[in-house]
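I am opening a notebook on this structure and will write down each thing as I look it up. I begin with single residues and go on to pairs of helices.

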Amino acid sequence: MTYRKAYLWFSAIGLFPVALSYGVAPVESLNWLFGMTLAVPDEAHIFRGIMGLYLAMVLLWVIGALRESFERPAIIAEVFFMSGLAAGRLLSVIVDGVPHWLLSGYLAVEIALAVAGIALLRPRHPQDSFGRS
């Protein structure tokens with residue numbers, strides 16, 4: 001398996017439960033995770049939309065891991081996705097202060113994955129894989 005495919009699989013598998021936590025039962029999960037109370041149905045609607053966006057990205061990354069022709073576009077999309085999330089969270093830290101420890105962890109992972117994705121976009125070399133291909 002190449003590092004690029006491993007990166008895409010790691011991200012897809014990691015984001016899948018996050019997506020579900022936002023959208024399957026947002027009233028319960030957000031209260032349990034962050035102590036948030038959703039007051040009106042529109043708030044749940046917003047989180048289910050976020051879940052859909054996250055699941056669409058997961059699907060793109062899985063396709064990128066399975067089909068060589070989608071690999072580079074999937075990594076580029078991930079770099080933009082993770083960079084955008086990280087930029088928004090950094091803005092929130094500046095404006096709102098330090099968030100819940102889990103959200104701070106998400107920020108660290110998003111920055112690391114954006115940087116890793118940029119590194120993986122460099123030209124390929126024969127040693128760019130590990131184990132069996």
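Before placing any residue, I note that helices here are DSSP runs of H or I with at least four residues, numbered from the N terminus. The model I am reading is a predicted one.

Entry one, L53. I looked up where L53 sits and found it in helix α3, which covers residues 41-66. Its relative accessible area is 46%, and because partly exposed covers the range between 20% and 50%, L53 is given that label. I also looked up the C-alpha atoms of L53 and A77, which are 24 residues apart along the chain, and their separation is 12 Å.

Entry two, R89 and E110. I located R89 in helix α4, residues 68-96, and E110 in helix α5, residues 101-120. Are these two residues buried or exposed? R89 has a relative accessible area of 17% and E110 one of 5%, so both count as buried, the cut-off being under 20%. I then checked how their side chains meet, and found that a polar contact of 2.8 Å joins E110 and R89. Leaving aside residues up to four places away in sequence, R89 touches Y22, Y54, L103, Y106, L107 and E110, while E110, counted in the same way, touches M82, L85, A86 and R89.

Entry three, α1 with α5. For a pair of packed helices I write down the angle between their axes and the distance between the axes. The axes of α1, residues 3-23, and α5 come within 11 Å and cross at roughly 155 degrees, which means that α1 is roughly antiparallel to α5. The crossing of these two helices is left-handed. On the α1 side the contact is made by Y3, R4, Y7, F10, S11, V18 and Y22, and on the α5 side by L103, Y106, L113, A116, G117 and L120. Sorted by class, this contact of α1 with α5 has 10 nonpolar, 2 polar and 1 charged residues.

Entry four, α1 with α3. How do the axes of α1 and α3 cross? They come within 8 Å and cross at roughly 160 degrees, so α1 and α3 are roughly antiparallel to each other, and their crossing is left-handed. Among the α1 residues that meet α3 I noted W9, F16 and Y22, and among those of α3 that meet α1 I noted F47, Y54 and W61. By class, the contact of α1 with α3 has 19 nonpolar, 3 polar and 2 charged residues.

Note on methods. Residues numbered from 1 in each chain as written. Predicted model: local features only at pLDDT ≥ 70, side-chain atom pairs only at ≥ 80, totals over all residues. Heavy atoms only, no water. Buried < 20%, exposed > 50% of the residue type's maximum accessible area, 1.4 Å probe, protein only. Contact = heavy atoms within 4.5 Å. Polar contact = N/O pair within 3.5 Å; in protein donor to acceptor, adjacent residues only side chain to side chain. Axes fitted to C-alpha atoms, helices over the stretch in contact; angles between N-to-C directions. Parallel < 35°, antiparallel > 145°, perpendicular 65-115°, else oblique. Left-handed = near helix turned anticlockwise from the far one by under 90°. Nonpolar A, V, L, I, M, F, W, Y, C, P; charged D, E, K, R; others polar.
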